[in-house]
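The following exercises concern the helices of one protein chain. Study the sequence and the model, attempt each task, and then compare your reasoning with the solution.

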Amino acid sequence: MMEQLEKNSKFTYKNDNLLLEELKIGNPDALKALFYEYYNSMYCYGSRLSNDNEFIIETIQDVFVYLWEYRKKLSNVTYIKAYIFKIFRNRIFKKKTEDKFLQKYSQDNYDSRVNFEISQEDLII
């Protein structure tokens with residue numbers, strides 16, 4: 001499991017703003033450095049919001065895929081750490097909300113299938 005990652009990226013920027021600028025121009029090492037910088041703290045934070053370790057890891061990966069895909073639109077981001085954690089938190093809450101909805105919907109759907117009566121006409125047909 002990837003709970004404890006070591007920082008072994010070629011990038012050793014101490015300033016998140018420099019990493020953000022490098023990310024915006026498409027440097028994959030900047031994304032890697034951000035990943036290694038924030039993975040452990042994101043995992044700890046996520047484990048307080050969800051008990052599903054696989055879900056937490058997948059969500060962390062999704063956040064960094066999102067950052068890479070939308071790197072050119074990060075011009076308004078001032079604090080990358082806060083931005084990353086906000087995306088992470090929102091994705092966890094969105095998934096939890098979707099899961100609750102799906103669970104309720106599937107239970108309602110199951111209840112409606114169980115509570116039915118077969119008419120005499122249906123039995124004849």
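**Exercise 1: Two helices and their angle**

Helices α1 and α2 are oblique to each other, because their crossing angle falls in none of the other classes (under 35 degrees is roughly parallel, over 145 roughly antiparallel, 65 to 115 roughly perpendicular, and the rest oblique). The model is predicted: local features need pLDDT of at least 70 and side-chain atom pairs pLDDT 80 or more, whereas totals for chains, interfaces and linings use all residues. Residues are numbered from 1 along each chain as its sequence is written, and side-chain values use heavy atoms, without hydrogens and water.

Task: State at what angle the axes of α1 and α2 cross, and which residues meet.

Solution.
1. The axes of α1 (residues 16-24) and α2 (residues 28-49) cross at roughly 140 degrees and come within 8 Å.
2. From α1, Asp-16, Leu-19, Glu-22 and Leu-23 are in contact (heavy atoms within 4.5 Å) with Ala-30, Leu-31, Ala-33, Leu-34 and Tyr-38 of α2.
3. By class, this contact has seven nonpolar, no polar and two charged residues.

**Exercise 2: The span of a helix**

Task: Determine what span is expected for the 17 residues of α3.

Solution.
1. The expected span is 1.5 Å times one less than the number of residues.
2. For α3 (residues 53-69) this should be 24 Å, and the end C-alpha atoms are 24 Å apart, which agrees.
3. Buried residues (under 20% relative accessible area, 1.4 Å probe) in α3 include Phe-55, Ile-60 and Leu-67.

Definitions and conventions: Helix = DSSP H or I, 4+ residues; strand = E, 2+ residues; numbered from the N terminus. Buried < 20%, exposed > 50% of the residue type's maximum accessible area, 1.4 Å probe, protein only. Axes fitted to C-alpha atoms, helices over the stretch in contact; angles between N-to-C directions. Nonpolar A, V, L, I, M, F, W, Y, C, P; charged D, E, K, R; others polar.
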